[in-house]
Amino acid sequence: MNRPDLSVVERAGGASLPAALALTSLSTFAAMLAYSGPLGNAATITTALGAASGTTMWILSAMSTGLAVSLLPAGALADQLGRRKVFELGACVFAIGSAVCATATTATQFVIGRLVAGAGAAGVIATGLGLVAAVNSGPGARSAAASWWGASMGLGIALGPLLTGAFDLADLWRAPYWLLAAAGVGIAVAARRCYPETAADPDRSLDLVGAALLTAGLGLLLVALIEARRGGLALALACAGGAVIALLAFAISQLRSRSLMVEFALFRRGDFAAATVAAAITGAGVIALMSFACTFLVTSMGLSTFAAGAAMGLWSGSSAVSAVLSRRLVARLTGTVQLAIGLAATGAGLLLLAGLEPGASVARLVPGLLVAGVATGVLNAGLGRQATATVPPERAAVGVGMNNTTRYLGASIGVAVIGLVASAPRGDIVAQLSGWNHVAVLAGVVSLLGAAAVLALPRLGTAG
């Protein structure tokens, strides 16, 4: 097919492919805008709310925590009740969480708002690609959806810190959250016109015990990682122990449940296992390093938060562009090969970021940011493509939920490890640069090893 599917209007239940694809892209963009926004003004929020310095870690991590613990339950619920219902509910919850952030008077209220917004965003992200497939499930439409989904993700991450940084300059740090709340309401209203409802499965019920155990296990694990970075080792160990117990109980419950939250049989499919590993490595490698990079640019290279956000825009902005432009280039590649190429090229870009010496300017990072950005766009598009292509059509929401859950879990673990490896005394620039060089190499090597694993896994599993 030479021309993109967007030129042809496909209808299902009154919905058109361009409208469905546009709303999925817009909702993903809004979610990523909210996700990355505090990178641009976390210090301002901490000061405005009178929070302790250690609370900044929760301000930055709360939304990813809400996402990670909610994606799989949202996907399972969507495949049971209908994806549009869960999409609309998710958009409304996202709007409520954003409004809580906009009206927050304490750091605790703000963090709660971020957790709620993350849970709402999970409902939107888990269902968006499946809803596009409900309009047109052809390979061309699926490829277009994956490309635009990857682009909107990169663009949202790129513009989030710039948006909050710009409002911060005008002393209007609450304004972005009011805009996100309004966007959530608008997305919920538009869903009924842009999407058909997918058929509910009356024979499938939500595994409430499994959902509760999985949510508790993942939540406690993420709290343990965050508290470990803050220095609260006693609480971190207690939460880690609770996470192990909850996740073991979850695994046992899945052996007895008739409606599985995680269908372990899917991991016998080599392409599904490869996509899951690729998502985890993406989080642990490039996303984790780039999450740390903004802080590094401010504290070690003397950039303002706005300038640091602009520098990071070279990575996330180029990823948005390449996610769309790479569609034709990768049309003849299998999804697994696309993921492997994306991870390998991302690893090469991250390695280019190493080798900083005292006196180096941010220009030294530009080649690596651009290479990693272009490669991340190819990778994001591949993840979106494989999230739905490697599971049965009726389980598309769970496929997207699993893919994104492993991505955010990988990012949380990666951020914790990178924070520990890169830690250096305040004011010791040489040690800070050395820490950066070490974590850039670590993230690059992890990505390269991930590429090798992604190529190997399909040979070990079934073709599906």
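**Reading the labels on a predicted model**

Thr 24 lies in helix 1, which covers residues 17–36, and the model in which it is seen here is a predicted one.

Reader: What makes Thr 24 count as buried or exposed?

Author: The relative accessibility of Thr 24 is 1%, and buried means under 20% relative accessible area, so Thr 24 counts as buried. As for its place relative to another residue, Thr 24 is 222 residues from Ala 246 in sequence, and their C-alpha atoms are 33 Å apart in space.

Reader: Why is Cys 92 called partly exposed, and why is Cys 239 called buried?

Author: Cys 92 has a relative accessible area of 37%, and since partly exposed is the range between the buried limit of 20% and the exposed limit of 50%, the value for Cys 92 puts it in that range. Cys 239, with a relative accessible area of 9%, falls under the limit of 20%, and therefore Cys 239 is called buried.

Reader: Why does Cys 92 form no disulfide?

Author: A disulfide needs two cysteine sulfur atoms within 2.5 Å, whereas the closest cysteine sulfur to that of Cys 92 belongs to Cys 194 and is 15 Å away, which is too far for a bond. For the structure as a whole, the number of disulfides is zero.

Reader: Where does Cys 194 lie, and is it listed as buried or exposed?

Author: Cys 194 is one of the buried residues of helix 7, and others among them are Ala 175, Tyr 177 and Gly 184. Helix 7 runs over residues 175–194, and its 20 residues reach 28 Å from the first C-alpha to the last, close to the 28 Å expected at 1.5 Å a residue.

Reader: How do you know that helix 12 and helix 13 are roughly antiparallel?

Author: Helix 12 (residues 335–352) and helix 13 (residues 366–389) pack at an angle of about 160°, with 8 Å between their axes. Angles over 145 degrees count as roughly antiparallel, and therefore this label fits helix 12 and helix 13. The residues of their contact divide into 13 nonpolar, ten polar and one charged, and helix 12 passes helix 13 in a left-handed crossing.

Reader: What makes helix 10 and helix 12 roughly parallel?

Author: Helix 10 (residues 270–299) packs with helix 12 at an angle of about 20°, and their axes are 10 Å apart. Because angles under 35 degrees count as roughly parallel, helix 10 and helix 12 are given that description. The crossing of helix 10 and helix 12 is left-handed.

Methods
Residues are numbered from 1 along each chain as its sequence is written. This is a predicted model: local features need pLDDT of at least 70, side-chain atom pairs count only at pLDDT 80 or more; totals for chains, interfaces and linings use all residues. Side-chain values use heavy atoms; hydrogens and water are left out. Buried means under 20% relative accessible area, exposed over 50%, partly exposed in between (1.4 Å probe, protein chains only). Axes are lines fitted to C-alpha atoms, for helices over the stretch in contact, and angles run from 0 to 180 degrees between N-to-C directions. Helices (H or I, at least four residues) and strands (E, at least two) are DSSP runs, numbered from the N terminus. Angles under 35 degrees count as roughly parallel, over 145 as roughly antiparallel, 65 to 115 as roughly perpendicular and the rest as oblique. A crossing is left-handed if the near helix is turned anticlockwise from the far one by less than a right angle, and right-handed if clockwise. Ala, Val, Leu, Ile, Met, Phe, Trp, Tyr, Cys and Pro count as nonpolar, Asp, Glu, Lys and Arg as charged, and the others, Gly among them, as polar. The expected span of a helix is 1.5 Å times one less than its number of residues.
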